[in-house]
Amino acid sequence: MDPLEGEAPSEPIRYEPVNVKDVLVEMKDTAELLIDLSYSAVLHSSEEIAREVLRLEGRMDELEMRARMGLMMATRSPDDAEQLAPVLGIVTAADDISDAAGDIAKVVLEDIGLPEAMRAALPEAVETLVRGVVVGDSEYVDQTLAEIDLESETGVRVIALRRGDEWLLNPGPETAIRTDDVALLRGPDVSISEVYETLTGDPYEAPSVETPDIEDLERAVDTIVHMKNLSELAVDLAYSAVLFDSEPLAEEVRNLEVEVDALESRFEAWTLRAAADAPDPVVLRGLIHLGSATEVISDAAIDISEGVLREIDVHPVVQMAVEESDEIITRVAIEPDSDLDGAAIVGGVPDTETTMSVIAIRRPEEGWLLVGDANAEIRRGDVLIAKGTRTAATAFADLSEA
């Protein structure tokens, strides 16, 4: 049975004038959301979240086609072709990420098999992400996100809303919650249960976990989690490389892709060894699927940054798209006597009141430090690459100044 059987078939896509920048913004936001959703579907063994992945994957297919049409119409000379070729690579890469996320979701929907040990490890690798349907008597109904002020009060953020077939990937302060909205929430476990119950009227049940009892399986699970983290970091750095036209950042993307390839080889070996001791080796098939899909995501990061690596000028439409996406990437230089000088970074998050996540640091004497989930200390002279909301980015930039 098709996972989305019963839904309306896809309609033909015909050319119509589009703003390529707006399409690229939506593709980037969709790709990043798909990575979150697909791994969360595995974590929760949630068919509901997995189905949202496939719905979004269908939306991405439409966006890719419209972007291709717009780029073809914009190409009128060899110079246009040279500048727009990397943009086409970014479009294809976003669709590749979408396809990989769909493959991860199908591990749940098609019951391919996945050891419980995988779910024990994932809580350390991803933020808690849940899907809930808004009930009519929820106190949030007909209130805007600014009025609810969830992020400040609880740390929980509404990262997307689906209203019928319409996706709101960038809900802002004036976005109102409506009855029957499908809300995707991300935040700490301690807060998300209360928000989920207020939103849906149902209690939130955290996924149960089980510690792996096969040493090689534990190694395989740890490796796939590390591959996922590196692949997500590669995508973040690839967009940063495009935004800042930075060849050093693009080189780091290439280094990460090489590392993920090496990890995949070790991961496959440990998975095969674990099969000899597993009571039912068939449940390991899902791990193999996860490994392949995760490696595709790191390959897509290379495609995003390829234009920078080949020293082709970044097209302005791409830079604008990255700047205007849901979670923006920002670059700040830490001035002497800045409030951030000496601040600790724990799990990628600086010890400040802002909600920015630092993904990389460039130090004049040491080069690039990839932060990810690591701990570090911010120093004067550092150049930070961070990701977060527009409001948080502005506050973070203010802190970096003397």
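This is a walk through a sheet, the helices that pack on it, and a kinked helix further along the chain. The model is predicted.

Start with the sheet. It is open and has four strands, in the order E1-E4-E2-E3. The pairing is antiparallel. Two strands sit at the edges: E1, residues 128-133, and E3, residues 166-168. Each of these edge strands pairs on one side only. Neighbouring strands are turned against each other by 15 degrees on average, direction ignored. Strands of a sheet are held in pairs by backbone hydrogen bonds, and the pairing can be parallel or antiparallel.

Next, look at the helices on this sheet. Helix H1 covers residues 20-44 and packs on the sheet. H1 touches E1, E4 and strand E2, which spans 157-163. The direction of H1 makes about 90 degrees with that of E1. Helix H2, residues 47-74, packs on the sheet as well. H2 touches E1, E2, E3 and E4. Its direction makes about 85 degrees with that of E1.

Now take strand E4, residues 182-187. Six bridges join E4 to E1, and the two strands run antiparallel. Two of the pairs can be followed by residue. Leu129 has Arg186 of E4 as its bridge partner. Val130 has Leu185 of E4. On the E2 side, five bridges join E2 to E4, again antiparallel. Here Arg157 has Arg186 as its bridge partner in E4. Arg186 is thus a bridge partner of both Leu129 and Arg157.

How many of the residues of E4 are buried? Six of its six are, and the strand is mostly covered. In a regular strand, side chains alternate between the two faces of the sheet. In E4, both faces are covered. Val182, Leu184 and Arg186 are buried on one side. Ala183, Leu185 and Gly187 are buried on the other. Arg186 therefore counts as buried, with under 20% relative accessible area.

Finally, move to helix H10, residues 285-309. H10 has 25 residues. From its first C-alpha to its last it reaches 36 Å. That is close to the 36 Å expected at 1.5 Å a residue. Where is the kink in H10 centred? The kink is centred on Asp303, and the bend there is about 30 degrees. Just after H10 comes Glu311, which takes a positive phi of about 60 degrees.

Note on methods:
Residues numbered from 1 in each chain as written. Predicted model: local features only at pLDDT ≥ 70, side-chain atom pairs only at ≥ 80, totals over all residues. Heavy atoms only, no water. Pairing = 2+ DSSP bridges. Axes fitted to C-alpha atoms, helices over the stretch in contact; angles between N-to-C directions. Contact = heavy atoms within 4.5 Å. Expected span 1.5 Å × (residues − 1). Bend = angle between axes of the 7 residues up to and from the residue. Buried < 20%, exposed > 50% of the residue type's maximum accessible area, 1.4 Å probe, protein only.
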